[in-house]
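Work through these exercises with the model open beside you. Try each task before reading its solution.

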Amino acid sequence: MNPVGSWRCVVLVARATLLEVSRQRLPALLLFGAVGGILGATLLEDFNFGLPPLQFLADLGQGVIALFGSVLAVTGSAQLFFGEIEQRTVFGVLAKPVGRAEFVLGKYLAVLALLAVFSVLTTAVLVVLLRCRGMTWGPDWIELPAAERLPDGLGLVLKGVARWLECGVLSACTLLLATFSSGSLGATLLGFGMMAIGHLQSLARATPVGPDPFLIRRVVGLTLQALPDLGVFNLTGTSADSTAALFVPLARAAACAVLYAGAAGALAVFSFRRREI
């Protein structure tokens with residue numbers, strides 16, 4: 001199949017998958033849960049641990065987006081991959097001029113589109129919430145020190161992009177794990193395990209492994225390098241003065257996302273081509 005025809009098949013699979021998503025309740029529930037968590041962050045302003053109120057709301061809102069986005073990436077990828085396999089409709093899809101590579105890439109493209117919609121909507125809600133809270137407290141925030149100013153909208157958007165990239169990596173890893181799993185539940189549990197490992201990478205590197213750990217350290221180091229480090233997607237700084245500094249770590253996060261997702265996607269295609277359905 002020529003490349004143009006192959007990408008047409010990928011787009012067709014992605015379109016059909018998105019149509020299937022529109023009939024499911026879980027993505028909508030996670031979206032409403034994330035929006036509710038962002039709006040509900042205003043009830044926790046008194047527990048700001050000494051942070052400026054708006055900065056606390058921004059950090060808490062971004063944490064909610066990361067949590068619900070990660071759950072959507074893992075569960076959505078596992079369910080959409082196994083949906084047609086468990087319903088036995090995958091035979092009709094693969095009987096057409098759609099190969100297994102196009103099937104996997106189409107599912108991944110659909111999940112990326114779903115995560116993009118989720119990230120845009122939740123980030124927009126967070127930006128509007130912070131603007132409304134800033135207007136409620138009056139214009140005095142302009143005269144505050146830089147650390148206490150209203151978080152810049154562009155900085156929040158860049159952080160939203162980073163979260164989307166992180167969820168895209170989680171989705172690719174979950175699809176890879178799904179090609180080895182026997183069902184969506186196993187793939188989901190493995191995906192959450194991968195998420196935990198990715199967030200604990202920096203802690204694992206700093207943990208000593210023994211008095212003479214050369215061999216163990218080499219094995220652990222190579223293992224950690226082979227797994228995605230989700231810490232690179234945690235951009236720092238949200239004040240107006242630090243927005244420009246977010247572009248460099250965002251570019252690094254984008255490069256890592258392409259590397260991680262590309263490797264996981266290639267391995268997923270390789271594994272799925274050798275899997276018996």
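## Exercise 1. Two helices early in the chain

The model is a predicted one.

Task: Classify the packing of H2 against H3 from their angle of about 170 degrees and their axes 9 Å apart.

Solution.
- Step 1. Take the geometry: the H2 and H3 axes lie 9 Å apart, at an angle of about 170 degrees.
- Step 2. An angle over 145 degrees counts as roughly antiparallel.
- Step 3. H2 is therefore roughly antiparallel to H3.
- Step 4. List the contact. H2 supplies Leu26, Pro27, Leu30, Gly33, Ala34, Gly37 and Ile38. H3 supplies Gly61, Val64, Ile65, Phe68, Val71, Leu72, Thr75 and Gln79.
- Step 5. Sort by class. The contact of H2 with H3 has ten nonpolar residues, five polar and no charged.

## Exercise 2. H6 against H7

Task: Which term describes H6 relative to H7, and which residues make the contact?

Solution.
- Step 1. The axes of H6 and H7 are 9 Å apart, and the packing angle is about 135 degrees.
- Step 2. H6 is therefore oblique to H7.
- Step 3. Add the handedness: the H6 and H7 crossing is right-handed.
- Step 4. On the H6 side, the contact uses Glu166, Leu170, Cys173, Thr174, Leu177 and Ala178. On the H7 side, it uses Ala187, Leu190, Gly191, Met194, Met195 and His199.
- Step 5. By class, the contact of H6 with H7 holds eight nonpolar, three polar and one charged residues.

## Exercise 3. H6 against H10

Task: Describe how H6 and H10 cross, and give the classes of the residues in their contact.

Solution.
- Step 1. The axes of H6 and H10 come within 8 Å and cross at roughly 15 degrees.
- Step 2. Angles under 35 degrees count as roughly parallel.
- Step 3. H6 is therefore roughly parallel to H10.
- Step 4. The H6 and H10 crossing is left-handed.
- Step 5. From H6 come Leu154, Leu158, Val161, Ala162, Leu165, Val169, Ala172, Cys173, Leu175 and Leu176. They meet Phe247, Leu250, Ala253, Ala254, Ala257, Tyr260, Ala261, Ala264, Leu267 and Ala268 of H10.
- Step 6. The contact of H6 with H10 divides into 20 nonpolar, no polar and no charged residues.

## Exercise 4. Buried or exposed?

Task: Place Ser171, Leu57 and Thr17 in their helices. Then decide whether each is buried or exposed.

Solution.
- Step 1. Ser171 belongs to helix H6. Its relative accessibility is 0%, so Ser171 counts as buried. Beyond neighbours within four places in sequence, Ser171 contacts Ala73, Ser77, Tyr108, Val111 and Leu115.
- Step 2. Leu57 sits in helix H3. Its relative accessibility is 1%, so Leu57 counts as buried too. Setting aside residues up to four places away in sequence, Leu57 touches Ala41, Thr42, Glu45, Leu126, Leu130 and Arg133. Leu57 and Ala41 are 16 residues apart along the chain, with 6.3 Å between their C-alpha atoms.
- Step 3. Thr17 is in helix H1, residues 3–21. At a relative accessible area of 0%, Thr17 is buried. Apart from neighbours within four places in sequence, Thr17 is in contact with Leu80, Lys107 and Ala110. The C-alpha atoms of Thr17 and Leu109 are 9.2 Å apart, across 92 residues of chain.

Task: Is Val258 buried or exposed?

Solution.
- Step 1. Val258 lies in helix H10.
- Step 2. Its relative accessible area is 63%, and the cut-off for exposed is over 50%.
- Step 3. Val258 is therefore exposed.
- Step 4. Val258 and Gly168 are 90 residues apart in sequence, and their C-alpha atoms are 9.3 Å apart in space.

## Exercise 5. The whole chain

Task: How many helices and strands does the chain have, and which elements give two or more residues to its largest nonpolar core?

Solution.
- Step 1. The chain has ten helices and zero strands.
- Step 2. Of its 277 residues, 46% are buried.
- Step 3. Among contacts with a separation of 6 or more, 81% join residues 24 or more positions apart.
- Step 4. The largest nonpolar core has 62 residues. Phe81, Leu130, Val169 and Phe233 have the most contacts inside it.
- Step 5. The elements giving two or more residues to this core are H2 (26–40), H3 (53–86), H5 (100–136), H6 (153–178), H7 (184–199) and H10 (247–273).

Definitions and conventions:
Residues are numbered from 1 along each chain as its sequence is written. This is a predicted model: local features need pLDDT of at least 70, side-chain atom pairs count only at pLDDT 80 or more; totals for chains, interfaces and linings use all residues. Side-chain values use heavy atoms; hydrogens and water are left out. A nonpolar core is a set of buried Ala, Val, Leu, Ile, Met, Phe, Trp, Tyr and Cys residues joined through side-chain atoms within 4.5 Å. Buried means under 20% relative accessible area, exposed over 50%, partly exposed in between (1.4 Å probe, protein chains only). Helices (H or I, at least four residues) and strands (E, at least two) are DSSP runs, numbered from the N terminus. Axes are lines fitted to C-alpha atoms, for helices over the stretch in contact, and angles run from 0 to 180 degrees between N-to-C directions. Angles under 35 degrees count as roughly parallel, over 145 as roughly antiparallel, 65 to 115 as roughly perpendicular and the rest as oblique. A crossing is left-handed if the near helix is turned anticlockwise from the far one by less than a right angle, and right-handed if clockwise. Contact means heavy atoms within 4.5 Å. Ala, Val, Leu, Ile, Met, Phe, Trp, Tyr, Cys and Pro count as nonpolar, Asp, Glu, Lys and Arg as charged, and the others, Gly among them, as polar.
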